[in-house]
Amino acid sequence: MIATLPIPYPFESAESQRALVACLAVGVFAPMIGAFLVQKRLSLVGDGIAHVAFAGVGAGLLLEIWPVWSALAFAVMGAIGVEMLRLKRKAAGDLALALFFYVGIAMGAVFASRAGDLELETLPYLFGDPYAVTWTGVAMVGALGVIVVVAMRLAGRALFAVVTDEDWSRVAGLPVGALSMALAALTAGVIVAGMRVVGILLIAAMMVLPVASAQLVSRSFRGTLRLAVAIGAVSSLVGLTIARPLDLAPGGSIVFVAAALFAAIALAKRTAPRALQQEAH
Amino acid sequence: MRRPRCSSVGAFVGAEPAAHTRARLSDDEGALIRALDLSFDYGHGSVLRDVTLMVRAGEFVALVGPNGSGKSTLLKVLLGALPPGSGRVELLGRAPGDVHDRWRVGYVPQRPSLLSEVPATVEEIVSAGRLRQRGWWRGLTGSDREAVGHAIESVGLGPLADRPLNELSIGQQQRAFIARAFAGEPALLVLDEPIAGVDAESQRRFRDSLVHLIRQHGAGVLLVSHELAAVADVIDRVVVLKERVVFDGSPEELAARGVSLGVHREDLPLWLEDLG
């Protein structure tokens, strides 16, 4: 049992503190992977894989196993499947995505309806429920974070080369296939870890929105990555803080804050472009 | 507009590579690229037929040909992106798929496929050129940073190293990709239309960089381009491709046939047009 820290409202209880840790972790790690997806022009891949994860949730409910495990298995397989179709040029990136996207959501609905009450069982996964995250869930998010940080440390530069210029990377002898698969698997991991926090329908937004905001003002990939992580963390903190007093769904609240930050930065850039550019240096 | 002085373009078409070239290819162990009787097709007609080609260390070879002559396909086969239909290909003395030290091959693609949403600086792009030197999972060392700095300076982008690539002109962007290839200190540099549509300053820098690489580092260069005027004075051999090699010789030999690379800028493009 981990002691509850003396933090004021709205984080005074153990549930709210677990929710805070989980949301902050998702806010930090989702944009880390998202930056590579946006650079690869696959901003919507997270959404596609999230829908495949939904099929895994349905399968877990039907087979009466912890849906997180089945969602992880489905998401990793889906992510690697999309990447294989794309790498072998059997289907364009968006078409490969659409195939998995629609089949995933249909399978999830069919499995969950066979398992029982479709709405009651699946709503926490679709829209997230960070207050229901257990210490096991927090540990899982933390473990994933360690994997993401180690992977970025070892393969971040090579991944940057691959997502920036795949043809050149192939000629240069980089393991393009293996690195692309690793990125796909990490994407699946982040989606499943964030599934109970902000929800299947919104987790992909946390991979893309902070990056979209950061690239408005940053002038390097490294700078974009760092700023996106900061924006993701701030979005999670502010979103979760206002969710409880205003009685909002935490997942929606967090993504709404991330979207509002994007709008604010875009507006500020239009009105004071030079000042912001200086700051970004 | 001047017409080429070549009186009989057709005289080149159908000419076999010289017998001495073929014999030399069989025993030249120092060749960086060696293709012998190479053929390839995509399943609907021949694209390359009996192509014989070699690039040695310290040699500057220009590969030219009309549109659809098979230049891009030939590059893909030489670099191992496509398997040869028949014939033999060696890259750094091995079959392209078996080359372990691929970092020794510098490559500048025809059109940069990036310029995406996220900004990336010149330095970040060029640093990628050092990834294979010590293993892609390792961090950059002091000597890596030095090589990156030299590569950026050599293409004249020193003051722009921290600038995002999408803020640069097309010529400057192309110079950044050339610097990425230089950063790996390649033994062989393969460039696919690197100066198409770039400004005169970038073309001059490009020429000087290639001369430096060949003379100081003994690298071999294979350049695919329609625009050879900027580098005409430093080219050792010109290979003209139209499904097969229809000319392989020095610029002087080509000039003796009435086709000029540099003095009369429009000669080569018009001649290639007539070939097509």
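Start in chain B by selecting β6(B) and β7(B), which pair in the parallel sense over five bridges. Strands here are DSSP runs of E with at least two residues, helices are runs of H or I with at least four, and both are numbered from the N terminus. Two strands count as paired if DSSP finds at least two bridges between them.

A word on what is on your screen: this is a predicted model, in which local features need pLDDT of at least 70 and side-chain atom pairs count only at pLDDT 80 or more, while totals for chains, interfaces and linings use all residues. Residues are numbered from 1 along each chain as its sequence is written, and chains are lettered from A and ligands numbered from 1 in the order in which they are written.

**Stop 1: strand β7 of chain B**

Keep β7(B) selected and add strand β3 (residues 60–64) of chain B, its parallel partner over four bridges. Click on B:Leu222 in β7(B): B:Val61 stands opposite this residue, and so does B:Val190. Five of the five residues of β7(B) (residues 220–224) are buried, so the strand is largely enclosed by the rest of the structure. Buried means that 20 or more other C-beta atoms, placed from the backbone, lie within 10 Å of the residue's own; exposed means 12 or fewer, and partly exposed is in between. In a regular strand the side chains alternate between the two faces of the sheet. Here B:Gly220, B:Leu222 and B:Val224 lie on one side and B:Val221 and B:Leu223 on the other, all of them buried.

**Stop 2: helix α6 of chain B**

Next, select residues 170–183 of chain B, the 14 residues of helix α6. The expected span is 1.5 Å times one less than the number of residues; that gives 20 Å, and the end C-alpha atoms are 20 Å apart, which agrees. Of these 14 residues, 12 are buried, including B:Arg175, B:Phe177 and B:Phe182. The buried residues pack against β5, α3, α5, β6 and α7 of chain B. Contact here means C-beta atoms, placed from the backbone, within 7 Å. Just past the helix, look for B:Glu185, with a positive phi of about 45°.

**Stop 3: a three-stranded sheet**

Staying in chain B, show the open sheet with the strand order β2-β1-β4, paired antiparallel. β2 (46–56) and β4 (86–91) stand at the edges with a single partner strand each, so one side of each has no neighbour in the sheet. From one strand to the next, the twist averages 15°. Now add helix α2 (residues 71–78), which packs on the sheet and touches β1, β2 and β4; its direction makes about 120° with that of β1(B). That angle is taken between N-to-C directions on a scale from 0 to 180 degrees, with axes fitted to C-alpha atoms, for helices over the stretch in contact.

**Stop 4: over to chain A**

Finish with A:Gly128, in the loop between α5 (118–127) and α6 (135–164) of chain A. Is A:Gly128 buried or exposed? A:Gly128 is buried, with 30 other C-beta atoms within 10 Å. Among the residues A:Gly128 touches, beyond those up to four places away in sequence, are A:Arg196, A:Leu202 and A:Pro250. For a sense of scale, draw a line from the C-alpha atom of A:Gly128 to that of A:Arg41: they are separated by 26 Å.

How values were computed:
Contact = placed C-beta atoms within 7 Å.
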